[in-house]
Amino acid sequence: MKHSSSELSEQNFEKILFEIRDFVLNKLVPIELKILKLPWNEAFLELNHLRTYVKSKNLWCPQIPQTYGGMGLSNKQHGMVSEILGLSPIGHYVFNCQAPDAGNMEILMDFGTDKQIEKYLRPLLNGDIRSCFSMTEPQNAGSNPLLMDTFAVREGNEYIINGHKWFTSSADGADFAIVMAVTNPTHPNPYKRTSQIIVPTETKGFNMVRNIPIMGDTGEGYFSHAEIRYDHCKVPVTNILGNEGDGFAIAQTRLGPGRIHHCMRWIGICERAFDMMCRYAISRKTSLGKSLSEKQTIQNWIAECRAEINAARLLVLDAAEKIDKHGQENVKIEISIIKFYVANVLQNVLDKAIQVHGALGITDDTILSWWYRHERGARIYDGPDEVHKSRVTKEILKTYLPVHE
Ligand SMILES: Cc1cc2nc3c(=O)[nH]c(=O)nc-3n(C[C@H](O)[C@H](O)[C@H](O)COP(=O)(O)OP(=O)(O)OC[C@H]3O[C@@H](n4cnc5c(N)ncnc54)[C@H](O)[C@@H]3O)c2cc1C
C-alpha cells in the first residue's frame, strides 16, 4: 500500500512515525559508527540491504509524490519523518531522501523533459544511481551566486562547459551532476544569465580533482565533497533543465522544502546529542556517589538545550505548515529564520553534549565527533547565517518608515 498526505489519517501517520523511529533506533543507530568507518564500496553494500527493507515496507522516498512511487507526504509530515531519520547519520540515505539527491529529484520532477525523467529521475528515485549539484566555485563568493565563472557555450547541438567548482557534495560515484553555468552572459537581468545543465560524470572533461578533506576527514562516495574541473565538457543541448537563463528560478524552487528537511534533520541530531548528554550526565560520577547531573552548570545546559530544541522544532513546523498552505514564495522570512536559528541550536547542543562527555566527546568512539565535524557546515551552506539574518532584517524594516525631526 502506498501512502499520500490526503489518505493518511493522523492515526496512520503516527503509526508510520513509530515504525520509522523503531527502525532507526534499533537497526541504524547500532551500526552507524561501523558503517561510517567502512570504505564506501563496503558501506554501500550494507546500506543497500537496509534500503531494500525500507522499500519492502513502503517507507521509501517519503518526500516524493505517490505518482512517482514515494509516500507522498506533505512538507510538514516529511519534516517530522526527517527529524526521526536525522537521529542517525545514515537515516536519510537509507530512505532515499538524502541531499543532494532529494533536491535534484524535485528539480527533475518539476522541470525535466520526458527523456530526462526516464534517463535520470527514474533510476534516482529507484535508488540505482546517485547525483550531485555543482554550483559553488572556489574563486567566487558562493553567498553571491551572481558571481560565476563557469560558462556553457552553445556550439551546434552541444554545450561546451568550462569551469572550476568545489563542494559538489557526493560527486564521488555519482552518475550525473546538475551544473550551474552561465549561458547568457549579456542578458540585462543578471538573474537570467545562468542555466542548469545535466552532465553525466562519465563525460570527457568532467575531471574530479579530489574529495576535499573536512576537518581531517576526506570522506568517500556519498559522504564526500568534491572539487571538479569542467574542461571542454560537451553535453547535448537537450540536457538543459527548463529554458536557457532559468537556472536561478529553478534553484529557488528547491530551497524552501530543502531547508525544512535540513532543519528537521538537524533537530533529529540535536535530540540524539541531547539524549546522550543526559544519559552521560546521570551515569558519570565526578566524586563519590555524585553524578555530573548534580552540577548546576550541567543542569543549566540540559534545561537550555531542551528549550532551544523545542523552540527550533516549533519554528520549523510552523514554516513547513505555511509552505504547505501558502507556497514557499510567501514564507521567505520564516524560511530564512529557521535556517540560521536551527543551525546555531545544532552547533550549541552538539558542543554541550561533547563538553559533558569530556575527552570521550572528541574521540570517534561516539557519533558526536562525526557530527561536530560534518555539521559545522550547517551555518555556511544553503546561505551563511549572516546572509539570512540580513535578508530577514531587510524584510522587517520594509514596514518601518524613518522618523523625521
Ligand atoms: C558541507 C557543505 C556542503 C556543500 N554542498 C554544496 C553542494 O552540494 N553544491 C554546491 O554547489 N555548493 C555546496 N556547498 C557550498 C556552499 O553553498 C557555500 O559554501 C556557501 O554558499 C557559501 O559560499 P562560500 O563558501 O564561497 O563563502 P563566501 O560567500 O565567500 O562567504 C564567506 C563568509 O562571509 C560571510 N558573508 C558572506 N556574505 C555575507 C553578507 N552578505 N553579509 C555578511 N557576511 C557575509 C559569511 O560569514 C560567510 O561564511 C557546500 C558547503 C558546505 C560547507
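Domain bounds here are those of an automatic or database domain assignment. In this predicted model, that assignment divides the chain into domain 1 (10-98), domain 2 (131-244) and domain 3 (249-397). The C-alpha centres of domain 2 and domain 3 are separated by 30 Å. The two domains do meet, with seven residues of domain 2 in contact with six residues of domain 3. On the domain 2 side of this meeting, three residues are nonpolar, three are polar and one is charged.

The ligand offers a second view of these two domains. Its shell takes at least three residues from each of domain 2 and domain 3. A total of 19 residues surround the ligand, and Met135, Ala141, Gly142, Ser143 and Gly377 come nearest. Turning to secondary structure, β1 (131-134), β3 (158-169) and α13 (385-397) each contribute at least two residues to the shell. By class, the shell is made up of nine nonpolar, nine polar and one charged residues.

Attention now turns to the interior. In soluble globular proteins, nonpolar side chains tend to be buried together. In this model, the largest nonpolar core comprises 63 residues, and Ile161, Ala177, Val179, Ile197 and Val199 have the most contacts inside it. Strand β4 (residues 176-182) is the greatest contributor to this core, giving seven residues. Because both domain 1 and domain 2 give residues to the core, it lies between them. Val199 illustrates the packing well: beyond its neighbours within four places in sequence, Val199 is in contact with Ile161, Phe176, Ala177, Val179, Phe206, Cys233 and Val235. Apart from this core lies another, of 39 residues, which includes Cys270, Met277, Trp301 and Trp371.

Helix α4 (residues 75-85) is also worth a look. Eleven of its eleven residues are buried, so α4 is largely enclosed by the rest of the structure. Nonpolar residues such as Met80, Val81, Ile84 and Leu85 are among those buried, and so are the charged residues Lys76 and Glu83. The buried residues of α4 pack against α1 (10-28), α5 (91-94), α8 (247-283) and α9.

Helix α9 (residues 296-326), one of these packing partners, also holds Lys325. This lysine has 12 C-beta neighbours inside 10 Å, and because a residue with 12 or fewer is classed as exposed, Lys325 counts as exposed. Between Lys325 and Met208 there are 42 Å in space, C-alpha to C-alpha, and the two are 117 residues apart in sequence.

Technical notes. Residues are numbered from 1 along each chain as its sequence is written. This is a predicted model: local features need pLDDT of at least 70, side-chain atom pairs count only at pLDDT 80 or more; totals for chains, interfaces and linings use all residues. A residue is near a molecule or strand if its C-beta atom, placed from the backbone, lies within 6 Å of it. Helices (H or I, at least four residues) and strands (E, at least two) are DSSP runs, numbered from the N terminus. A residue is buried if 20 or more other C-beta atoms lie within 10 Å of its own, exposed if 12 or fewer, and partly exposed in between; C-beta atoms are placed from the backbone. A nonpolar core is a set of buried Ala, Val, Leu, Ile, Met, Phe, Trp, Tyr and Cys residues joined through C-beta atoms within 7 Å.
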